[in-house]
Amino acid sequence: MLKTGKDLPACPVETTLSLIGDKWKVLILRDLLTGTKRFGELKKSIGSVSQKVLTAQLRDMEASGLVSRKVYAEVPPRVEYSLTDLGQSLKPILDSMRNWGEWYKASQN
């Protein structure tokens, strides 16, 4: 469920961290910025995350309004995840994180 203003931390940085401050959430965002993905695609791309943790993170992000989940009535069931407009609005933050990471790696050589 989306949190209301009174349920969020007073500090804006803490608010952002409460929504995406987990290693797996940031990697999920990174992968979904390029488009819709199925659960198996996300798990393969992220790598060492367990199915249980990935499921929990996706559900939390869906409840926060960052990710949308679409279930297709097929056998076997097909589920796709994509970023909502709210989730897409995090792109500049992830771009900045990528740029800083590139700068940091280059500065260590």
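This is a short talk about one protein chain, beginning with its overall layout and then turning to a few of its residues.

Good morning, everyone. Before anything else, please keep in mind that what you have in front of you is a predicted model, and that the values I quote are computed from it.

Let me start with the chain as a whole. The protein chain has six helices and three strands, and if you follow these elements from the N terminus on, they run α-α-β-α-α-β-β-α-α. If you draw a box along the principal axes, the C-alpha atoms of the chain fill roughly 50 × 40 × 25 Å. Of the 109 residues in the chain, 28% count as buried, and the surface that the chain exposes comes to about 7,400 Å², with carbon and sulfur atoms supplying 57% of it. When we look at the contacts in the chain with a separation of 6 or more, we find that residues 24 or more positions apart account for 46% of them. As for charge, the chain carries 17 positive and 12 negative charges, and the mean positions of these two sets are 5 Å apart.

Now I would like to go inside, to Met 61. This residue lies in helix H4, which covers residues 51–63. Is Met 61 buried or exposed? Its relative accessibility is 1%, and therefore Met 61 counts as buried. Leaving aside residues up to four places away in sequence, Met 61 touches Lys 25, Ile 28, Leu 29, Leu 66 and Val 67. There is also a pairing across the sequence to point out, since Met 61 and Leu 19 are 42 residues apart in sequence, and yet their C-alpha atoms are 7.5 Å apart in space.

One of the residues that Met 61 touches is Lys 25, so let us move there. Lys 25 has its place in helix H2, residues 23–32. Here the cut-off helps us, because buried means under 20% relative accessible area, and Lys 25, at 6% relative accessibility, counts as buried. Again not counting residues up to four places away in sequence, the contacts of Lys 25 are Ser 18, Leu 19, Ile 20, Gln 57, Asp 60 and Met 61.

Let me turn next to the aromatic rings. How many aromatic pairs does a search of the whole structure find? The search finds two. In one of them, Trp 100 and Trp 103 form a tilted pair, with 6.0 Å from centre to centre and 45° between the planes. These two residues are three residues apart in helix H6, residues 91–107, which means that about one helical turn separates Trp 100 and Trp 103. The other pair joins Trp 100 and Tyr 104, whose ring centres are 5.3 Å apart and whose planes lie at 15°, so this pair is stacked. Trp 100 and Tyr 104 are four residues apart, again about one turn, and both lie in helix H6. Taken together, the ring pairs link Trp 100, Trp 103 and Tyr 104 into a cluster.

How open to the outside are these rings? Trp 100 and Trp 103 are both exposed, and for Trp 100 the relative accessibility is 52%. Tyr 104, with a relative accessible area of 39%, is partly exposed.

Finally, there is an aromatic ring that meets a charge. The charged end of Arg 78 sits over the ring of Tyr 72, at 3.7 Å from the ring centre. That is where I will stop, and thank you for listening.

How values were computed. Residues numbered from 1 in each chain as written. Predicted model: local features only at pLDDT ≥ 70, side-chain atom pairs only at ≥ 80, totals over all residues. Heavy atoms only, no water. Phe/Tyr/Trp six-rings, centres within 6.5 Å; stacked < 30°, edge-to-face > 60°. Buried < 20%, exposed > 50% of the residue type's maximum accessible area, 1.4 Å probe, protein only. Lys NZ or Arg CZ within 6 Å of the ring centre and 35° of its normal. Contact = heavy atoms within 4.5 Å. Areas by Shrake-Rupley, 256 points an atom, 1.4 Å probe, with all protein chains shown as cover. Lys, Arg positive; Asp, Glu negative; His and termini not counted. Charge placed at Lys NZ, Arg CZ, Asp CG, Glu CD.
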